[in-house]
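Here is a short walk through one protein model. Start with the whole chain, then follow a single helix.

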Amino acid sequence: MRRTTSALQPGSQSSPALVTFFATLERKLSVKIEDIRGSAMRDLPLNREYQGLIQAVTRRHFFKQAGFGLGGAALTSLLNKSIFADATPGLAGNPMAPKPPMFPAKAKSIIYLFMAGAPSQLDLLDYKPKLQQLSGHEIPEDILKGEKFAFIRGVPRLLGSPYEFKKWGQSGAMISELLPQLGEVADDIAIVRSMHTSQFNHAPAQIFMNTGFQIIGRPSMGSWMTYGLGSECADLPGFVVLLSGENQPDGGKACWGSGFLPTVYQGVEFRSKGDPVLFLTNPEGVTPEERRRSIEVLKGLNEAHLKSAGDPEIVTRIAACEMAYRMQSSVPDLMDISKEPAEVQKMYGTEPGKASFGNNCLLARRLVERGVRFVQLYHRGWDTHGTSSHDDIVTRLTSITRETDQASAALIKDLKQRGLLDSTLVVWGGEFGRTPMNEERNHSKFLGRDHHPRAFSVWLAGGGIKPGITLGQTDELGYNVAEDAVDVQDLHATILHLMGMDHTRLTYKFQGRNFRLTDVTGNVVRKLLA
C-alpha cells in the first residue's frame, strides 16, 4: 500500500479519475480529501476493494503522466510558455472582463437581427417604379451576359413588386406596405440600399456575413467584439444567440462560433422555450452548496494545469464553470418575460412560454439592459423562391413580415423610450438579396425571386448611426449597385468603429499571421455616422 500513495501527496497533479475517486471515498468513509493525502492514507481502514481501486487508479495515472510528462518536458524546453499568454488577453484573470475601447465609442452593445434566408429588398425597402413598368418582359441580354444563378435557367422575365410603397416620416423613406410598423420608426433608422456580397448560396453567404470569410473556421463578429471589449455583465455571457423561425440558419453554429479565438468568446445559445440553457440546472440530489464546492475543486485543478501548460482553453474552462454557476440564478430571472408590463408585451406581440421573434426581441432588450455586449437574433424563413405557396413572395413573404415587423419596430421604440438607443446599435438584414426577375423554377406559377448577391438592403439604428437617411442606390431595375456601394467588410468596419474599435488594429495572430474580422479590406462608411 505504501508504494501506491505517492500520487496522492500534496502538490501532485491529480487526474480526473482521482478526483472522482476522492469524492467516492468521502461518501463511503465520511472523511475529507485532505485526510486522504499523505501519510494519513496508510492509516485508513480500507478494505481490499478500495485498495485495489487505489492501485488501479494510481497505476493508470503513473503511465499516463510518464508518457505525456516526458514529451511535455521536452517540448517545454523548446518552446516559450508565453506564446499562449501573449495570444490570450487576461490569461491570468477573467478573459471577459471589460476592456476599454481604442477610442471613444458611440455604442456599448449590439443587437443584430439576422433575417436568415435573404429578405427580398425589392418587395420591402428598394422601390423600383421602372421594374413595375417592365414586369413580365424578358430582362435585357446584356445584363445576363456571364451571369450565373442558383436556380434561374434560360432568359428570365422581370418581376415588379406586387406591393405598394409609400413615404414614411419626415425623412420620406420609401418603405413597403409589408412593413408598416417599421415605417413608424423611419426617422430613427438608416436604410442602406447598396449592400453587395461575393456569395450567393445561403450557408457560405451567412458565414461570410457573420465572420468575414465564407469558409467555416473564422471568428464571428460577436466573438471579435467580446475578444476586443469583454463584457459589462458578470452573470451572463457577453455574446448571446436567440433563434426563431423555421430552424437554425443554413450556416449553422459557425455563424456564432469563435473560430481560432479562445472558445470563451463564442456565442451562447439561449432558448426561449423549455430550459433556457441546456444542462444548466443541477442534477437531482445535488445541492447548490455541493455544486459550489465541486466548482472550487475543479478550479484549483485547472489553475494548477494552467500554470504548467499555459493553454488558453484552460482559462475558458475555468470561466465556463464560474459563468454556469452564476447563470443558475441570473438566467431564470432574465428569461421570465411575463414580469414585463402588459403594454410592453402588447407592443412586442410576445407570447410568454413560446418560441417567437417577438419574445426574442424583448429578451434582447433585457440582455443589453444587463450589460451583455452582443446579442444576435436569427429568424429563418426568408427564402422566397416561388416553388409553392410555402416560399413565394405573395403568401410566405406576407406571413414572415407579420412575424417580424411589429417586434423589430417595438425594439427601436422601447430602446428609445428607455434611453438605451443611443448606446445600442441595432442592425437588420440577411445574407444577400433577391433577383429582380421571377425565378419560375420548373415553370412554377408562383411568384418568387432567386438569390442575388449584387444588391440588397439592410437598415441600422441607434449607437451613432445617422437617423432618417437612405444611403446608396441601385440601378432602375434593382440589379446592380449604382451609388455608394457598401460591401460586407465595409459594414463590419463601420460596426466596429461605432463600438470604438479600429478594424485594422483588432487582430489575433494565428498560423503565423495577424487575422482580423475585415481580413485585408474594409472601409468605415462615414456617411452613416451621426
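The paragraphs below go from the overall chain to one helix and its partner.

This is a predicted model. The protein chain has 530 residues, and 52% of them count as buried. Its secondary structure comes to 16 helices and 17 strands. The chain exposes about 24,200 Å². Carbon and sulfur atoms supply 52% of that area. Now take the contacts between residues at least 6 apart in sequence: 77% of them join residues at least 24 apart.

Next, turn to helix α9, residues 202-211. Is α9 largely enclosed or not, and why? Eight of its ten residues are buried, so the rest of the structure largely encloses this helix. Buried here means under 20% relative accessible area. The buried set opens with His202. Ala205, Gln206, Ile207 and Phe208 also belong to it. Met209, Asn210 and Thr211 complete it. After α9 comes Gly212. The phi of Gly212 is positive, near 85°.

Which residues of α9 meet helix α16? They are Phe208, Met209 and Thr211. All three are among the buried residues of α9. On the other side, α16 spans residues 488-498. It brings Val488, Gln489, Leu491 and His492 to the contact. The residues of this contact divide into four nonpolar and three polar, with no charged ones.

How do the two helices lie against each other? Two packed helices are described by the angle between their axes and the distance between the axes. The axes of α9 and α16 come within 9 Å. They cross at roughly 30°.

Methods
Residues numbered from 1 in each chain as written. Predicted model: local features only at pLDDT ≥ 70, side-chain atom pairs only at ≥ 80, totals over all residues. Heavy atoms only, no water. Buried < 20%, exposed > 50% of the residue type's maximum accessible area, 1.4 Å probe, protein only. Helix = DSSP H or I, 4+ residues; strand = E, 2+ residues; numbered from the N terminus. Contact = heavy atoms within 4.5 Å. Areas by Shrake-Rupley, 256 points an atom, 1.4 Å probe, with all protein chains shown as cover. Axes fitted to C-alpha atoms, helices over the stretch in contact; angles between N-to-C directions. Nonpolar A, V, L, I, M, F, W, Y, C, P; charged D, E, K, R; others polar.
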